[in-house]
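Thank you for asking me to look over this structure with you. I have set out my remarks as numbered points, so that you can follow them beside the picture.

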Amino acid sequence: MMLQNDLLLRAARGEAVERTPVWLMRQAGRILKEYREIRNRISGFKALVETPELAAEVTIQPVDILGVDAAIIFSDILVVPEAMGLPYRMIEKKGPWFDETIRSKADLKRLCVPDPEAELGYVTEAIRCTKKALNGRVPVIGFAGAPWTIFSYMVEGQGTKTFATARKMLYTEPGLSHQVLDMITETTIAYLKAQIAAGADMVQLFDSWAGILPAEQYRNFGSRYLKRICAEIQEVPVTVFAKGAWFALDDIAEMDCRTVGLDWHLQPEMARKKLGNDKTLQGNLDPCMLYADDEALVNATHQMLKRFGPRRHIANLGHGVYPDVDAAKVKLFVETVKAYKQ
Ligand code: CP3
C-alpha cells in the first residue's frame with residue numbers, strides 16, 4: 001500500500017523532505033482522554049494490549065488528535081519476556097511486576113525462544129488492524145526492548161532505580177548473562193521480522209536502561225547485541241534509542257541502523273559529530289519543556305529544529321511524554337514542528 005505521508009521513512013533514509021517529520025515516544029496513552037476512556041472500559045492495560053482491535057484504535061488516536069507523522073503500535077516491551085516464559089503484570093501506580101525471575105542457571109529452564117506468531121500474534125494482528133484502518137495515512141512503527149533492558153526486567157522482576165541486581169549478575173554470572181541475552185536477541189530478531197511482515201514500516205529498539213552501565217559493560221552486554229539485531233533487520237529502517245548512553249555513541253555509529261534516538265542530555269552538534277552524516281538523528285526536546293509556557297516551548301522547539309536540521313532529523317522528545325502533560329501542549333509542539341521553515 002502506498003503511503004500518503006512517508007516523511008518519516010524518507011527522513012530515516014536520508015532523502016530530501018519538505019519538512020521535518022514529528023512523533024512522540026509514548027504518544028499513545030494516558031495524555032489523551034480518549035485513551036483513558038477506552039482503558040477504563042476494559043479490565044486493564046494488559047487486556048488492551050492483547051485486544052488487537054482496541055490496540056489499533058489507541059494506536060491511531062494520536063494521528064487523529066495530535067496530527068503526528070507516524071503511529072507507534074500500542075504494546076509494551078514486556079510482552080517479550082512473557083512470550084519467553086516469564087508472565088508480567090502491570091500494577092496500577094506501581095508498574096511492571098514479574099512473579100518469576102532469572103537469578104541462577106536453574107531458572108533458565110523457564111525460558112524459551114518462542115515462535116512470535118504463536119506467542120505474540122496479538123501484536124502482529126494489532127499491526128494488521130492498524131495498517132488497514134490507517135489506509136496509508138502515515139507509517140506504522142513497530143518496536144521491541146533492547147536485550148539489556150529486557151534482561152534487567154527479567155532479573156529484577158520489577159522496575160528499580162539502579163537495577164543493581166541485574167548489574168551484579170553481569171559480574172557474578174557473565175556466562176549465564178550472555179546465555180539469557182542471546183536468547184532475548186534471537187527472540188527479538190524473530191519478533192521484529194514478524195512485525196515487519198505484518199506491516200510495520202520502521203522499527204525502534206528501546207534500550208531504556210543503557211545509561212546505568214559503565215561503558216565497558218555496555219559494550220560487552222549491551223551494544224554487542226544491538227549490533228546483531230541491526231545486522232539482521234534489513235527490511236525496514238531501524239532506530240536505536242539507547243537512553244543515557246552518550247558514552248556509547250562511537251559503538252552506535254557502527255551499528256547498521258538508519259536512525260539514532262537521542263535523549264535530552266545530548267547536544268545535536270556533538271551527536272552529529274560522533275554519528276556522522278549517514279545516520280538520521282531523532283529527538284530530543286526535554287519532555288519537561290511541555291510544562292513550560294507556550295512561548296518558551298515554541299522557542300525551544302525552533303532551537304531544536306535549527307540545530308538538528310534540515311536534513312536527517314526526526315523531531316521527538318528525549319524520552320517518552322510524561323502522562324500528566326496537557327495534550328494541548330503536545331499539539332502545540334507538533335504544530336510548531338510542522339509549521340517551521342528552515
Ligand atoms: O505510545 C507508545 O510509545 C507506544 C506504547 C508503549 C508503551 N510502552 C505503552 C505503555 C511503548 C513504546 C512502551 C515501551 C516501554 N515499556 C519501555 C521503553 C520506553 C521507555 O519509556 O523507556 C519501557 C521501559 C516499558 C516498561 C513499562 N511499561 C513501564 C516501566 C510501565 C509503567 C510505568 C508507566 O509509564 O506507567 C509500563 C506501562 C505502560 N506501557 C503504559 C503505557 C501506555 C501505562 C499503562 C497504563 O495505561 O496504565
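The points below take up the sheet, a hairpin, two helix pairs and one single residue in turn.

1. Please keep in mind throughout that this is a predicted model. The open sheet has 7 strands, and if you trace them across you should meet them in the order β1-β4-β5-β6-β7-β8-β9, with parallel pairing. The edge strands are β1, at residues 71-72, and β9, at residues 313-317, each of which pairs on one side only.

2. At one side of that sheet, strand β8, covering residues 280-285, runs parallel to β9 and is joined to it by 5 bridges. To find this pairing in the picture, you could begin with L281, whose bridge partner in β9 is H313.

3. Strands β2 (residues 88-91) and β3 (residues 95-98) pair in the antiparallel sense, and 4 bridges link them. Within this pair, R89 stands opposite W97 of β3. The hairpin that the two strands form has 3 residues between the strands, and K93 takes a positive phi near 65° there.

4. Helix α4 (residues 52-66) packs against helix α7 (residues 121-134) at an angle of about 50°, and their axes lie 8 Å apart. The two helices are therefore oblique to each other, and α4 passes α7 in a right-handed crossing. On the α4 side the contact residues include A55, A56, I60 and V63, while those of α7 include A126, C129, A133 and L134. Sorted by character, the residues of this contact divide into 10 nonpolar, 2 polar and 2 charged.

5. Helix α10 (residues 174-198) and helix α11 (residues 215-232) pack at an angle of about 25°, with a distance of 10 Å between their axes. Because angles under 35 degrees count as roughly parallel, α10 and α11 are described as roughly parallel to each other. The crossing of α10 over α11 is right-handed. Among the residues that make the contact are L181, D182, I189 and K193 of α10, together with F221, R224, Y225 and R228 of α11. The residues of this contact divide into 7 nonpolar, 5 polar and 6 charged.

6. Finally, is S223, a residue of helix α11, buried or exposed? Its relative accessible area is 2%, and because buried means under 20%, S223 counts as buried. If its neighbours within four places in sequence are left aside, S223 is in contact with Y218, D251 and M255.

Terms used: Residues numbered from 1 in each chain as written. Predicted model: local features only at pLDDT ≥ 70, side-chain atom pairs only at ≥ 80, totals over all residues. Heavy atoms only, no water. Axes fitted to C-alpha atoms, helices over the stretch in contact; angles between N-to-C directions. Parallel < 35°, antiparallel > 145°, perpendicular 65-115°, else oblique. Left-handed = near helix turned anticlockwise from the far one by under 90°. Contact = heavy atoms within 4.5 Å. Nonpolar A, V, L, I, M, F, W, Y, C, P; charged D, E, K, R; others polar. Pairing = 2+ DSSP bridges. Buried < 20%, exposed > 50% of the residue type's maximum accessible area, 1.4 Å probe, protein only.
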